[in-house]
Amino acid sequence: MSRFLRPVISLLRPQVSSTPPLSRINPQIVRLSSTKVAWPYIYRTYASPSMAPNLDSYFKSVDSSADSFVDRLRQAVAIPSISADEERRQDVVKMGMFLKSQLEGLGAHMEARPLGKQPGKEHLELPPAIVGRYPAKKDESKKTILVYGHYDVQPAELSDGWNTEPFKLTEDAKGRMYGRGSTDDKGPVLGWVNVIEAHKKAGVEFPVNLLMCFEGMEEYGSEGLDDFIMAECKPGKFFADADACCISDNYWLGTEKPCLTYGLRGCSYYSIEISGPGQDLHSGVYGGTAQEPMTDLVRVMGSLVDTNGKIQIPGLYDLVAPLTDE
């Protein structure tokens, strides 16, 4: 089995999903990766009953294509698709187009859906959502799996402490690969490209209809994605016929042990504005009489969380869905 295609199977219930809009698509949320353990599960659970689960030729195809798979990852890592850096926005778009072209070359129907302007930076267009379907024409006899991933990355510089150039895929003597995005999340996303290619080369029928949604702003708050998902999960829209969702952006316990992920924590963002005098005031004249904005800010910040870590913002916990029995 190729060293960069590893088995992960985990099941998510929608009430604990960290991406609520996706959980509304279907009551069953399934997180799977395209690997030796996951694929027999998909064949048994989602494929047509007439399809044989013998995948020997498929795995031989995976192993024989290892070098080309690594080269594909090398090309992707070389694109500095840093979503937080507006000077790299064209590189983010370039990475999205690279992913789109790779899938189109294998017969998938792909689209680059515009997401509009970036909030607070209206001079910038958000990177497109790369969405598509494989096979290009839906097979009504098969279930439909929606795959999510992202093609943007965090900033990285050699001076940050990297031992190798972050945007050059490097393999050490133990076969470990280093490069920004090789794990989060270009490697897992390209795993789906590799899976499609391996099926085609092996002459093995693909077990499901595959819907794909890859975004370019995950590392910057997924701006634009929520509205897109909510619009496209309505009847007749792109996500409407998904039977399950596979999120290819998760963790392992070490380097060889997969894990079941039941849910992930999220973030809530708030802004605080403190107003004060309209000009500098001399401390010898106004000290102790005029309110100091910095002192007010520290006081407000210190009141947000108590000593036990409980958030003190009124009504915040009312927004959290209650735990269910299961």
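Ser-81 has a relative accessibility of 0%, and therefore counts as buried, the cut-off being under 20%. Please bear in mind throughout that this is a predicted model. In sequence, Ser-81 belongs to the loop that runs between α4, residues 66-77, and α5, residues 89-104.

What does the side chain of Ser-81 meet in a polar contact? The partner is the side chain of Lys-186, at 3.1 Å. If we set aside residues up to four places away in sequence, Ser-81 touches Asp-91, Val-92 and Met-95, then Tyr-151, Asp-152 and Val-153, and also Lys-186.

Two of those neighbours, Met-95 and Lys-186, lead us to the packing of α5 and α6, where both appear again. The axes of these two helices lie 10 Å apart, at an angle of about 15°. Because that angle is under 35 degrees, α5 counts as roughly parallel to α6. The crossing is left-handed. On the α5 side the contact is formed by Met-95, Phe-98, Leu-99, Gln-102 and Leu-103, and on the α6 side by Lys-186, Val-189, Leu-190, Val-193 and Ile-196. Sorted by class, this contact of α5 with α6 contains eight nonpolar residues, one polar and one charged.

Helix α6, residues 186-202, also packs against α3, residues 56-64. How do the axes of α3 and α6 cross? They come within 8 Å of one another, at roughly 120°, and α3 is therefore oblique to α6. The crossing of this pair is right-handed. From α3, the residues involved are Ser-57, Tyr-58, Ser-61 and Val-62; from α6, they are Val-195, Ala-198, His-199, Lys-201 and Ala-202. By class, the contact of α3 with α6 comprises five nonpolar, three polar and one charged residues.

I turn now to the backbone. Most residues other than glycine have a negative phi, and most peptide bonds are trans. Where does this model contain a cis peptide bond? One joins Tyr-134 and Pro-135, with omega at about -5°. Pro-135 sits in the loop between β6, residues 129-134, and β7, residues 144-150. Another cis bond runs from Asp-184 to Asp-185, with omega near 5°. Asp-185 is placed in the loop between β9, residues 177-178, and α6.

The phi angle also deserves a remark. Ser-222 has a positive phi, near 55°, although the residue is not glycine. Ser-222 is found in the loop between β10, residues 209-215, and α7, residues 225-232. With a relative accessibility of 18%, Ser-222 counts as buried, because the cut-off is under 20%.

Finally, let us consider Asn-209, which lies in strand β10. Is Asn-209 buried or exposed? The relative accessibility is 0%, so Asn-209 counts as buried. Which backbone oxygens does the side chain of Asn-209 reach? That of Asp-139 is reached at 2.8 Å, and that of Lys-142 at 3.2 Å. Beyond residues up to four places away in sequence, Asn-209 touches Arg-133, Tyr-134, Pro-135, Lys-137, Lys-138, Asp-139, Lys-142, Lys-143, Thr-144 and Ile-145. Among them are Tyr-134 and Pro-135, the pair joined by a cis peptide bond.

Note on methods. Residues are numbered from 1 along each chain as its sequence is written. This is a predicted model: local features need pLDDT of at least 70, side-chain atom pairs count only at pLDDT 80 or more; totals for chains, interfaces and linings use all residues. Side-chain values use heavy atoms; hydrogens and water are left out. Helices (H or I, at least four residues) and strands (E, at least two) are DSSP runs, numbered from the N terminus. Buried means under 20% relative accessible area, exposed over 50%, partly exposed in between (1.4 Å probe, protein chains only). A polar contact is a pair of N or O atoms within 3.5 Å; within protein, one must be able to donate a hydrogen and the other to accept it, and residues adjacent in sequence count only if both atoms are side-chain atoms. Contact means heavy atoms within 4.5 Å. Axes are lines fitted to C-alpha atoms, for helices over the stretch in contact, and angles run from 0 to 180 degrees between N-to-C directions. Angles under 35 degrees count as roughly parallel, over 145 as roughly antiparallel, 65 to 115 as roughly perpendicular and the rest as oblique. A crossing is left-handed if the near helix is turned anticlockwise from the far one by less than a right angle, and right-handed if clockwise. Ala, Val, Leu, Ile, Met, Phe, Trp, Tyr, Cys and Pro count as nonpolar, Asp, Glu, Lys and Arg as charged, and the others, Gly among them, as polar.
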